[in-house]
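The exercises below are meant to be worked with the sequence and the coordinates open side by side. Try each task before reading its solution.

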Amino acid sequence: MTYLAYNLLAALAAIVAVPYDLIRGLRRGRPWSSLAQRLGWLPHSFHQTASDSIWLHAVSVGEAASCEGLVRRLKERHPTLPVFVSTGTATGQALVRDKLSGVTAGVFYAPLDLPFANRRVLNTIRPRLVVIFETEIWPNLYRQVKQAGAGLMIVNGRVSDRAFPSYRRFRLLFRSVLRHVDLSLAQSEKDRERMIAIGADAARVEVGGNLKYDFQASDAVEPDAVRRFLAQCQPGPLIIAGSTRENEERPVVEAFQQVAERYEKALLIVAPRHPRRFEEAESTLVASGLPVVRRSALNSLSAGVELPAVLLLDSLGELSSLYALADVVFVGGSLNGWGGHNVLEPASSGRPVVVGPAMQNFAEITETLLSERGMIRIGGQEELGAALLDLLRDRDAALAIGERGRRVAEAQRGATARAINAGMRLYGNAVPVSIPSWARRVLLGGPAMTWGAVARRRAASFSAGNISAKRLKSFTLCVGNLSAGGEGKTPVVAWLVERLYERGYRPGVLTRGYRRDSREPRIIVEPESEPTAEQIGDEAYLLRRRFQDLEITVPMGVGADRFQVGTELEARFPIDVTVMDDGYQHFALERDFDLLVVDASRPFGGGRMLPLGLLREPISGASRARSILLTKTQPKVRYNGIESVLRRVNPEAPIFRTQTRAAAIVDVMSAAEKPLDSLVGERCVGFCGLGNPDSFWRTLDAVGIRPVERLAFPNHHRYSARDIDKITEMARRADAGVLLTTEKDFANLQSALDLPRESGSARVCAALGPLRLFCLRVEQDVEPGLLQFILSALPSSQIRPNQTWGPPSVVSSRES
């Protein structure tokens with residue numbers, strides 16, 4: 001009932017808010033797309049097929065400034081994880097775009113707290129972790145994040161003196177909302193107690209510190225225009241008034257005039273807290289009679305300005321870089337009762353800091369700095385001029401105050417590392433699922449329930465022995481999955497066959513030949529044959545080419561009836577291990593070993609049965625697996641959530657992991673392999689037809705290749721001349737000279753144009769004109785324990801450590 005009432009009020013508010021936001025945005029020059037983002041429509045380039053991104057929400061400038069360090073350090077530790085940042089204001093948006101350009105996967109306006117808008121965003125960027133800065137409480141967003149299976153964390157949590165009484169009155173509402181939060185990291189013990197008082201679970205609220213305290217003065221570089229201006233003026237002393245609020249510029253400039261009477265080369269830099277106050281601040285400063293220059297006018301300023309003077313910093317994100325240049329810093333918001341602002345940024349630069357009496361929003365750090373004599377607090381605005389003069393007269397005392405303040409600031413650091421460590425724990429505990437729209441639920445919910453019921457009944461019949469399964473003579477190992485497509489089974493099959501071959505076994509491969517054009521019920525692919533992708537399917541074709549490139553002899557059988565194909569394969573070749581690519585639900589063939597493959601970036605098909613999701617059968621089907629392999633895992637990431645789900649249904653099967661690694665760039669014209677960094681910096685267009693195209697983009701990103709345009713086709717896509725025209729036109733518009741795709745897609749590219757292998761590369765390149773075409777060759781880095789576990793399951797009579805069908809030295813050189 002609480003959410004129903006809230007959504008009714010939110011819908012009524014949206015009727016007014018949406019037109020208002022549109023009109024206000026157009027007046028301020030914001031594009032129409034900003035309103036679309038408020039309603040959940042994000043740019044197409046933001047669309048993710050894997051659920052491994054991180055979404056950080058920073059409502060305005062202050063929170064956006066705090067998130068910069070967190071994002072940068074997060075990307076340093078996990079460079080391949082996509083990070084999206086949303087803001088609630090245009091100024092916050094501008095700051096994030098400026099400071100994190102090229103670091104984030106996308107920056108957008110946060111959606112209105114309406115169910116359909118949140119759902120669109122969550123289904124577009126598919127986050128595994130959502131991080132909210134400070135205390136932005138949105139009931140629908142919090143609830144839907146948990147419905148999507150993502151982790152939810154509040155960092156820099158804070159409840160101000162002004163907000164606390166209002167929050168406490170709505171404790172019942174907040175308690176129902178905050179129960180969705182997995183962890184809240186409060187700025188201080190006082191903030192922790194307040195968050196618990198408004199309804200947060202005490203066990204899920206910890207003191208994490210203030211991210212703003214992790215500011216590193218050495219990281220900030222002053223803007224070139226300001227540096228040139230200061231070089232022209234040669235001021236002395238330089239006083240900075242940072243984050244000034246309403247009615248503070250007048251007492252600040254009056255205090256500066258006292259300084260200017262003694263120091264004729266003095267310069268005051270005033271940085272209002274909010275851009276909307278730039279004009280108001282300028283009027284007050286000009287009224288003082290001093291020369292006033294705006295930061296935005298410095299590029300057109302041919303010479304300096306006569307001192308004493310005032311520089312109005314009408315810009316975003318530059319204040320912190322200037323603190324180290326100051327002789328004295330005054331921190332605003334402390335004269336007008338607002339409650340002050342972050343004092344550790346100037347303190348960390350070793351500058352003496354002066355504040356007014358109103359510092360209640362930063363009471364704890366203020367008392368620490370004062371007790372350590374690392375800051376000066378005045379009793380009122382009339383004392384500011386004298387305090388500035390005292391510090392300027394006694395430079396040794398001022399330097400000592402600045403040094404003590406710097407030591408206090410150093411001791412407060414560590415919030416960023418704590419937030420990242422806690423966040424990645426939640427990231428690993430998450431099990432993402434899709435959130436279908438109501439329309440999809442209505443249309444596809446019934447068929448999905450029917451599919452699930454039939455799948456359960458088949459599995460139960462098989463377990464009860466009611467489905468007769470036929471057995472091959474050889475040891476039969478199935479590499480399969482629970483969901484449809486994109487799990488990475490075929491690369492695992494290739495890895496496994498190569499490892500078995502080099503250890504003396506004689507493996508054969510069974511595959512259905514998905515999307516092949518041939519109507520032959522059974523096809524036996526002899527080692528010397530040259531079938532096309534149309535005949536045997538793209539994945540079988542890719543396996544065939546890989547085995548030939550490695551010079552290993554592996555016969556293959558293609559057909560829907562795996563027993564009949566396997567029997568014929570065994571009759572024609574002395575196979576001792578049959579590896580079946582896909583077929584976990586193919587109960588007609590008895591297996592000795594089921595290896596279940598689970599895509600860690602998109603686990604369990606979104607958690608819903610076909611056709612509503614991608615699950616072929618319920619997760620309980622994992623109970624049949626002898627071993628489980630998590631594919632497409634990321635380094636330094638734990639997948640405790642996925643493993644916990646699997647262990648609930650199958651506590652016995654060991655779980656291993658594999659990572660997909662770029663091995664080489666192949667020039668398809670010459671078939672020559674090139675170093676992975678050979679395309680770094682090139683303007684290239686990437687295209688692929690995979691079940692999970694994000695895995696391709698991630699692999700490219702890991703080696704520093706960032707296509708200027710990306711094009712994803714459906715899985716197993718057969719390319720046509722029209723597709724080639726589309727790709728080449730995209731490259732022409734992007735001024736790209738290189739096309740990059742996967743080995744699987746190159747196979748489909750050749751076969752669709754009816755090109756034989758010998759001349760296919762040349763004719764494809766001719767169709768592409770001046771564009772150069774490359775494909776990415778990847779390898780699987782599998783945890784070594786998996787192979788040993790499989791080998792231990794093979795009958796001892798089949799072990800032939802010295803028997804090979806080809807030169808083992810060639811194979812072993814390729815082992816990951």
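**Exercise 1.** Over the ring of which residue does the charged end of R128 sit?

*Solution.* The model is a predicted one, and in it the charged end of R128 sits over the ring of Y427, 5.4 Å from the ring centre. A second arrangement of this kind involves R245, which lies over the face of W338 at 3.5 Å from the centre of the ring.

**Exercise 2.** Work out the strand order of the open sheet that contains β1, and identify the strands at its edges.

*Solution.* Begin with the order, which reads β3-β2-β1-β4-β5-β6-β7 across seven strands with parallel pairing. Next, look at the two ends: β3 (106–109) and β7 (205–207) each have a single partner strand, so one side of each is left without a neighbour in the sheet. From one strand to the next, the twist averages 20 degrees. Within this sheet, β4 (residues 127–133) and β5 (residues 151–157) run parallel and are joined by five bridges, and I132 stands opposite I154 in β5.

Then add the helices that pack on the sheet. Helix α3 (residues 61–77) touches β1 (53–57), β2 (83–87), β4 and β5, and its direction makes about 180 degrees with that of β2. Helix α4 (residues 90–99) touches β2 and β3, its direction making about 175 degrees with that of β3.

**Exercise 3.** Describe the aromatic pair formed by W55 and F108, and place both residues in the chain.

*Solution.* A search of the whole structure finds 10 aromatic pairs. The pair of W55 and F108 is tilted, with 5.7 Å centre to centre and 45 degrees between the planes; the angle falls in neither the stacked range, under 30 degrees, nor the edge-to-face range, over 60. The pair links distant parts of the chain, since W55 belongs to strand β1 and F108 to strand β3, 53 residues apart. Turning to accessibility, W55 has a relative accessible area of 1%, which is under the 20% cut-off, so W55 counts as buried. F108 is likewise buried, at 0%. Finally, F46, W55, F84 and F108 form one aromatic cluster.

**Exercise 4.** Find the edge strands of the open sheet that contains β10, and state how β10 pairs with β11.

*Solution.* The order of this seven-stranded sheet is β10-β11-β9-β8-β12-β13-β14, again with parallel pairing. Its edge strands are β10 (292–294) and β14 (376–377), each of which pairs on one side only. Three bridges connect β10 with β11 (residues 309–312) in the parallel sense, and V293 stands opposite L311 in β11.

How values were computed
Residues numbered from 1 in each chain as written. Predicted model: local features only at pLDDT ≥ 70, side-chain atom pairs only at ≥ 80, totals over all residues. Heavy atoms only, no water. Pairing = 2+ DSSP bridges. Helix = DSSP H or I, 4+ residues; strand = E, 2+ residues; numbered from the N terminus. Axes fitted to C-alpha atoms, helices over the stretch in contact; angles between N-to-C directions. Contact = heavy atoms within 4.5 Å. Phe/Tyr/Trp six-rings, centres within 6.5 Å; stacked < 30°, edge-to-face > 60°. Buried < 20%, exposed > 50% of the residue type's maximum accessible area, 1.4 Å probe, protein only. Lys NZ or Arg CZ within 6 Å of the ring centre and 35° of its normal.
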